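Colleague: I am new to this structure and would love a close look at one part of it. Could you take me through the sheet, one strand in particular, and then show me what surrounds it?

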Amino acid sequence: MSEANVQVLNADFVPECARVMALAFCDSPSYNYIFRGTKEYRVQALEWTFARNILMVLDKCQSALRGMLNSNGEVICCFLWIPAALADSSLWEMIKAGVWLMPFKFGVSTVSRLLNIIDQMERNSDGNSQTAHGSRRDALKLERMVVRPDYQGQGVGSRALRSVLDEASQMEKSVEIHLETQEERNVEFYTRLGFQVTNTKDFYEDEPEYTFRSWHMVQKTS
């Protein structure tokens, strides 16, 4: 493929990015736990949920959605790059984005599992939860980094991440970049790019069908 650059994507790209993310994460252990049902159901639920989440983030930080496009203008890689101070959403922001519809679309039990996962992920940040989730201004969050399947194995993800890490390294102050992953292969990928595991947690060991491990990883720029 021709060399593509990471760019800030505006709200016009939200539906496409939400779709690419949903297809990439539909088999993720945490989303299997939250959205119980067929793969098709999870894709639809994640696409709906991700679109509203991205819009909430863009409402506070217009440069948060990043991605790479191919020569046809299609999204081949995308992720959220969020200042930690803006990562949390207020009740009003969720209402504005339409998240209040979630219990009616997917059920109260689904929302309950989602909230439980969010709470436990915050606990998994090994004493750095305030940094990772919004109380410090010198931190960033990397969320939902995906590469379209037909572009995987071509260095797209590494090139995209190095681009924003270089951007972070040029800031006046040292910053910490935080992420969570539930895929061991991703731990290897992020480690090669300078991230370190700060904590791990096993979830739902009493439910073998949904048991998974989550890794909290951090990189600090110099």
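Modeller: Happy to; here is a walk through the sheet, centred on strand β4, with a few stops around it. Please keep in mind that this is a predicted model.

Let us start with the whole sheet. It is open and has seven strands, in the order β1-β2-β3-β4-β5-β7-β6, with mixed pairing. At the edges stand β1 (7-8) and β6 (196-203), each with a single partner strand, so one side of each has no neighbour in the sheet. As a general point, strands of a sheet pair through backbone hydrogen bonds, either parallel or antiparallel.

Now find β4, which covers residues 139-147. Is this strand enclosed or not, and why? Nine of the nine residues of β4 are buried, so the strand is largely enclosed by the rest of the structure. In the sheet order, β4 sits between β3 and β5. Towards β3, the pairing is antiparallel and has six bridges. One place to see it is Ile 82, whose bridge partner in β4 is Lys 141. Towards β5, the pairing is parallel, with three bridges. Lys 141 appears here as well, standing opposite His 178 in β5.

Stay with Lys 141 for a moment, and look at Glu 143, which also lies in β4. The side chains of Glu 143 and Lys 141 are joined by a polar contact of 2.9 Å. Setting aside neighbours within four places in sequence, Glu 143 is in contact with Phe 79, Leu 80 and Ile 82.

From β4 you can follow the chain over a helix and back into the sheet: β4, α8 and β5 form a right-handed β-α-β unit. That helix, α8, lies across β2, β3, β4, β5 and β7, and runs at about 30 degrees to β3. Another helix, α3, lies across β2, β3 and β4, at about 50 degrees to β3.

Moving on past β5, the next partner is β7 (residues 212-220), paired with β5 in the antiparallel sense over six bridges. There, Leu 179 stands opposite Met 217 in β7.

Next, the packing. In soluble globular proteins, nonpolar side chains tend to be buried together. Here the largest nonpolar core has 43 residues, and Cys 17, Met 21, Phe 35, Leu 46, Phe 50, Ile 54 and Leu 65 have the most contacts inside it. Among the elements giving two or more residues to this core are α3 (39-60), β2 (65-69) and β3 (75-83). The helix α3 gives the most, with nine residues. A second, separate core of 27 residues includes Met 145, Val 175, Leu 179 and Phe 189.

Two loop residues make a nice contrast to finish with. Asn 70 is found in the loop between β2 and β3, and it counts as buried because its relative accessibility is 12%. Its side chain makes a polar contact of 3.2 Å with the side chain of Tyr 151. Beyond neighbours within four places in sequence, Asn 70 is in contact with Ile 76, Arg 148 and Tyr 151. Gln 170, in turn, lies in the loop between α8 (156-169) and β5 (176-181). With a relative accessibility of 65%, Gln 170 counts as exposed. The C-alpha atoms of Gln 170 and Thr 221 are 8.8 Å from each other, although the two residues are 51 residues apart along the chain.

Key
Residues numbered from 1 in each chain as written. Predicted model: local features only at pLDDT ≥ 70, side-chain atom pairs only at ≥ 80, totals over all residues. Heavy atoms only, no water. Core = buried A, V, L, I, M, F, W, Y, C linked by side-chain atoms within 4.5 Å. Buried < 20%, exposed > 50% of the residue type's maximum accessible area, 1.4 Å probe, protein only. Helix = DSSP H or I, 4+ residues; strand = E, 2+ residues; numbered from the N terminus. Pairing = 2+ DSSP bridges. Contact = heavy atoms within 4.5 Å. Axes fitted to C-alpha atoms, helices over the stretch in contact; angles between N-to-C directions. Polar contact = N/O pair within 3.5 Å; in protein donor to acceptor, adjacent residues only side chain to side chain. Right-handed = clockwise from strand over helix to strand, strands pointing away.
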